[in-house]
Amino acid sequence: MQGAGFSNLSKGKTNAIQIAGFANTSLAATNGVQLSGFSNVTKGNFYGIQGSGFSNVVTGSLNGLQISGFNNTVTDTLD
């Protein structure tokens, strides 16, 4: 589990929960949960739940759920 008042960054494959007041970023495939007040970004495939107040972005495939106050994006063309 990663927990922070502002931001979490994971450089490798993540199998965990990320909770932050502002943003979570994972630079590799992620299995788990990302919860933040503003945005979640995963570069690679995401398996799990993303929840944020503003935006969720996955640059690979999504196998799970995205919930945000404004925008959810899944694309494999940003790599």
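When I say "strand" today, I mean a DSSP run of E, at least two residues long, numbered from the N terminus. With that in hand, hello everyone, and let me start with one residue: Ser 7 sits in strand S2, which covers residues 7-10. Please keep in mind throughout that this is a predicted model.

Before we stay with that serine, let's step back to the whole chain. How many helices and strands does the protein have? There are 0 helices and 10 strands, so the pattern along the sequence reads β-β-β-β-β-β-β-β-β-β. The radius of gyration is 11 Å, close to the 12 Å from the globule rule for 79 residues, and therefore the protein is as compact as a globular protein of that length. If you like to picture a box, the C-alpha atoms fill one of roughly 30 × 25 × 20 Å along the principal axes. Of the 79 residues, 38% are buried. The accessible surface comes to about 4100 Å², and carbon and sulfur atoms hold 61% of that. One number I'd like you to remember concerns contacts with a separation of 6 or more: residues 24 or more positions apart account for 1% of them.

Now, the sheets. In one open sheet, 5 strands come in the order S1-S3-S5-S7-S9, with parallel pairing. S1, residues 2-4, and S9, residues 62-68, are at the edges; each has a single partner strand, so one side of each has no neighbour in the sheet. On average, neighbouring strands here are turned by 5 degrees against each other, ignoring direction. For a close look at one pairing, take S7, residues 46-52: S7 and S9 are parallel and share 7 bridges. Within that pairing, Phe 46 has Leu 62 of S9 as its bridge partner.

The other open sheet also has 5 strands, ordered S2-S4-S6-S8-S10, and the pairing is again parallel. Its edge strands are S2 and S10, each pairing on one side only. From one strand to the next, the twist averages 0 degrees. As a general reminder, strands of a sheet pair through backbone hydrogen bonds, either parallel or antiparallel.

Let's return to S2. Strand S2 runs parallel to S4, residues 23-26, and 4 bridges join the two. Ser 10, for instance, has Ser 26 as its bridge partner in S4. Which residues of S2 are on the covered face, and which on the uncovered one? Asn 8 and Ser 10 are on the covered face, while Ser 7 and Leu 9 are on the uncovered one.

So where does that leave Ser 7? Its relative accessibility is 37%, and because that falls between 20% and 50%, Ser 7 counts as partly exposed. Beyond its neighbours within four places in sequence, Ser 7 is in contact with Ala 20 and Ala 23. A polar atom of the Ser 7 side chain lies 3.3 Å from the backbone oxygen of Ala 23. As for Leu 35, 28 residues away along the chain, its C-alpha atom is separated from that of Ser 7 by 11 Å.

Finally, the other edge. S8, residues 55-58, runs parallel to S10, with 4 bridges joining them. Asn 56 has Asn 72 as its bridge partner in S10. In the segment after S10 (71-74) we find Thr 75. Is Thr 75 buried or exposed? At 17% relative accessibility, Thr 75 is buried, because the cut-off is under 20%. Not counting residues up to four places away in sequence, Thr 75 touches Val 58, Thr 59 and Gly 60. Thanks for listening!

Definitions and conventions. Residues numbered from 1 in each chain as written. Predicted model: local features only at pLDDT ≥ 70, side-chain atom pairs only at ≥ 80, totals over all residues. Heavy atoms only, no water. Buried < 20%, exposed > 50% of the residue type's maximum accessible area, 1.4 Å probe, protein only. Contact = heavy atoms within 4.5 Å. Polar contact = N/O pair within 3.5 Å; in protein donor to acceptor, adjacent residues only side chain to side chain. Pairing = 2+ DSSP bridges. Axes fitted to C-alpha atoms, helices over the stretch in contact; angles between N-to-C directions. Rg over C-alpha atoms; globule rule 2.2 N^0.38 Å. Areas by Shrake-Rupley, 256 points an atom, 1.4 Å probe, with all protein chains shown as cover.
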